[in-house]
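Got your viewer open and a hand on the selection tool? Follow along, one stop at a time.

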Amino acid sequence: MAKLTHEDILAYLEEATILELNDLVKAIEEKFDVTAAAPIAVAAAADAGAAAEPTEVNVTLTEVGGTKVAVIKAVREITGLGLVDAKGLVDKAPSVIKEKVSADEAKEIKEKLEAAGATVEVK
């Protein structure tokens, strides 16, 4: 039997139908006792991406917007700070409003601040 070159193999693969390629993969799996494991690798990569999500995030006020008083009130409610301290945080934007909070709490904080007219970043 003549030895096939890479070009011969690639030419066959270009012209083969999906059914022929499927049969070829099955034959290779049986002959060499291997499994085409690409779907497993993709699933593992997707799981790794999901696991990489942070469990604690920081909420940063990036811009106050047009309703500064409403934002100060929201910051007071979220942080428990007094009026002067809350105003100081708002005036120094961008400033961290809360650190190391859960993603759910960060979402609630973001919603409150955005409802007051502010722009918020969660990292």
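**Stop one: a lysine in a strand**

Start by selecting K100, which sits in strand 2. This is a predicted model, so treat every stop as part of a prediction. Look at the backbone here: K100 is not a glycine, yet its phi is positive, at about 50°. Is K100 buried or exposed? With a relative accessible area of 63%, K100 is exposed, because the cut-off for that word is over 50%.

**Stop two: the whole sheet**

Now widen the selection to the strands. There are three of them, and they make an open sheet with antiparallel pairing. Reading across, the order is 2-1-3. Which strands are at the edges? Color strand 2, residues 95–101, and strand 3, residues 119–122: these are the edge strands, and each has a pairing partner on one side only. Turn the view and follow the twist, which averages 20° from one strand to the next.

**Stop three: strand 1 meets strand 3**

Select residues 57–63 to light up strand 1, and keep strand 3 on screen. How many bridges join this pair? Four bridges link strand 1 to strand 3, and the two run antiparallel. To see a facing pair, click V59 and then V122 in strand 3, which stands opposite V59.

**Stop four: a threonine and its neighbors**

Next, pick T60, another residue to visit in strand 1. T60 counts as buried because its relative accessible area is 15%, and the cut-off is under 20%. What does T60 touch, leaving aside residues up to four places away in sequence? Show P94, S95, V96 and I97, then add T119, V120 and E121: T60 is in contact with each of these.

**Stop five: a cis peptide bond**

One of those contacts of T60 deserves its own click: P94. You'll find P94 in the loop between helix 5, residues 83–91, and strand 2. Zoom in on the peptide bond running from A93 to P94, which is cis, with omega near 5°.

**Last stop: an aspartate in a loop**

Finally, jump to D33. Where is it? D33 lies in the loop that runs between helix 2, residues 18–32, and helix 3, residues 38–51. Its phi is near 50°, a positive value in a residue other than glycine. Switch on the surface and look for D33 there: its relative accessible area is 73%, so D33 is exposed.

How values were computed. Residues numbered from 1 in each chain as written. Predicted model: local features only at pLDDT ≥ 70, side-chain atom pairs only at ≥ 80, totals over all residues. Heavy atoms only, no water. Pairing = 2+ DSSP bridges. Axes fitted to C-alpha atoms, helices over the stretch in contact; angles between N-to-C directions. Buried < 20%, exposed > 50% of the residue type's maximum accessible area, 1.4 Å probe, protein only. Contact = heavy atoms within 4.5 Å.
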